[in-house]
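Trainee: I'd like to learn how to read a model like this one. Can we go through it feature by feature?

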Amino acid sequence: AIDISKLRAESGLITLDKGFKNTGSTTSDITFLDGEKGILKHRGYSIEDLAENSSYLEVAYLLIYGELPTQEEFSNFKAGIKENQLVHEEIKTILSGFPSKAHPMGVLSSLATSLTAFYPESLDPNRSKNKVNLTILRLLAKIPTFVSWSYTKRMGLPHNYPDNSLDYVPNFLKMMFSVPTEQYEIDPVVVDALQKLLILHADHEQNCSTSTVRIVGSSQASLYASIASGVSALWGPLHGGANQAVIQMLESIKADGGDVNKYVQKAKDKDDPFRLMGFGHRVYKNFDPRARIIKKNADEILSRLGIEDPVLEIAKKLEEVALKDDYFVERKLFPNVDFYSGIIFRAIGIPTEMFTVMFSIGRLPGWIAQWKEMREHKEPIGRPRQIYTGNPERPYIPIEER
Ligand code: ACO
């Protein structure tokens, strides 16, 4: 057999693929994606089926452990999460050090890293399977608490403790929105909408943040640190940050008189850095199946909640005009998952600057599953090569002679 690594080392050949557009970094049993046909499946189950019939925690279990849970497995999983929802009181000290307008993604990334200090045993790459499972439960349990506390801090409201009598999504909503002076009513329509959004975000194979989690974890850094890095990678406007950027873009189109044609033209101008946020995808080249589900949900949820959002109308007009425009057709640019998700987040009361951090809660099971698979497959440290294009060797010149 040919030893490719040896051959490369001897010949000096390196594969150069900027942005890894056509480079597979791993083999994986978790998520199947066909970008041409718009198919997304987790462990063999279609995203349409899961979004319609499953729950976020069940999908989390499926992604992480490979199978849908039995009743018993699921109750143990949920009980393990509930047991760990409370966070150390000293987390409040860390949180209080942030300016109140700190972006929640920066706060979340820092708080996720801080878990390495509260649970230093997570630094041991050879810890037992049970200890790894505890780390997984802690992450699923505590991240929503961190996210809701970053919101209450921002709003100048008291932090709410988790309520173990509630399921995962209602508990999160209560931690976010309950205030001591009022009885908090959980709206099943809102729970259902959020549940679906989280499922749609749960995993998406080797995207930027997931590859980051895998590569950080490949150095055997702690799972908490790997997840914190994933949060940072997700933050950018070309990745998860697009959901915030979409609403900001739609609002500025609205404020500018609602002329979508003007913005479609602007997005085509190569001298203008403006892009239609929420359009285009590295892998989907016909449609994003998540966007189809979300678009339908956005209509349903807004009407069930009795909300009329002029931004939804602008989004629909923009999509209609762009999809008929040769520039977008030729480049196969379609609305992605972020195009309509912000409209639903808005409708359920999530402020714009929290959209990306909501995406993080959704993507968390995928990051964990991918990290776990990478470790179980005993993958080597991720270490891409480069082609050096700098100066040839030259002699050092003393500073006074430069
Ligand atoms: N608006 C206008 N033109 C676009 C857009 C857009 N949203 N997206 C891509 N293009 C153009 C590019 O300018 C390029 O044109 P060219 O061939 O004339 O140079 C061509 O389409 C290909 O685009 P690339 O940037 O090379 O495609 P890539 O696969 O690297 O990027 C990405 C994909 C980052 C998603 C891109 O489409 C984009 O920036 N979209 C807007 C941001 C966004 O919505 N991100 C969320 C992605 S989904 C997610 O992460 C959950």
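**Reading the model together**

Mentor: Let's start with one residue: E319 is buried, because 21 other C-beta atoms lie within 10 Å. Keep in mind that this is a predicted model.

Trainee: Where is E319 placed?

Mentor: E319 sits in helix α15. In space, its C-alpha is 9.9 Å from that of L276, although 43 residues separate the two in sequence.

Trainee: Next, helices. How do I read which way a helix faces?

Mentor: Here's the general idea: an α-helix has 3.6 residues a turn, so residues three or four places apart point the same way. Now try α13, residues 260-268: its buried residues are V260, Y263 and A267. They cover an arc of only 60° around the axis, which puts them on the same side of α13.

Trainee: Which residues of α13 are exposed on the other side?

Mentor: N261 and K262 are exposed there.

Trainee: And what do the buried residues of α13 pack against?

Mentor: They pack against α12 (242-255) and α15 (310-323).

Trainee: How about the nonpolar core? Which residues have the most contacts inside it?

Mentor: The largest nonpolar core has 107 residues, and A60, L108, L140, I227 and I344 have the most contacts inside it. Helix α18, residues 355-376, gives the most to this core, with eleven residues. To see what one of those residues meets, take I344: leaving aside neighbours within four places in sequence, I344 is in contact with A193, L197, I294, N297, A298 and I301.

Trainee: Let's turn to annotations. Which residues does the UniProt "active site" annotation cover?

Mentor: H281 and D338, according to the UniProt record, which is an unreviewed entry. The two span 58 residues in sequence, yet their C-alpha atoms are not more than 10.5 Å apart, so they gather at one spot.

Trainee: Is H281 buried or exposed?

Mentor: H281 counts as buried because it has 22 C-beta neighbours inside 10 Å. You'll find H281 in the loop between α13 and α14 (289-304). Leaving aside neighbours within four places in sequence, H281 is in contact with D288 and N336.

Trainee: And D338: buried or exposed?

Mentor: D338 counts as buried too, because it has 29 C-beta neighbours inside 10 Å. D338 lies in helix α17, residues 337-347. Not counting residues up to four places away in sequence, D338 touches A242, N243, V246 and G278.

Trainee: I noticed A242 there. Which residues come nearest to the ligand?

Mentor: Of the 19 residues around the ligand, A242, R275, F279, G280 and R282 come nearest. By class, the shell has eight nonpolar, seven polar and four charged residues.

Trainee: Last topic: backbone angles. What should I look for in phi?

Mentor: Most residues other than glycine have a negative phi. Against that background, look at E205, which has a positive phi of about 35° although it is not a glycine. E205 lies in the loop between α9 (188-201) and α10 (208-218). E205 is partly exposed, because 19 other C-beta atoms lie within 10 Å, while 20 or more would make a residue buried.

Trainee: What is phi for K332?

Mentor: Phi of K332 is near 55°, a positive value in a residue other than glycine. K332 is placed in the loop between α16 (326-330) and α17. With 14 other C-beta atoms within 10 Å, K332 is partly exposed.

Note on methods: Residues numbered from 1 in each chain as written. Predicted model: local features only at pLDDT ≥ 70, side-chain atom pairs only at ≥ 80, totals over all residues. Near = placed C-beta within 6 Å. Nonpolar A, V, L, I, M, F, W, Y, C, P; charged D, E, K, R; others polar. Core = buried A, V, L, I, M, F, W, Y, C linked by C-beta atoms within 7 Å. Buried ≥ 20, exposed ≤ 12 C-beta atoms within 10 Å, placed from the backbone. Helix = DSSP H or I, 4+ residues; strand = E, 2+ residues; numbered from the N terminus. Contact = placed C-beta atoms within 7 Å. Arc of directions from axis to C-beta. UniProt positions renumbered as here; feature names shortened; annotations may be inferred.
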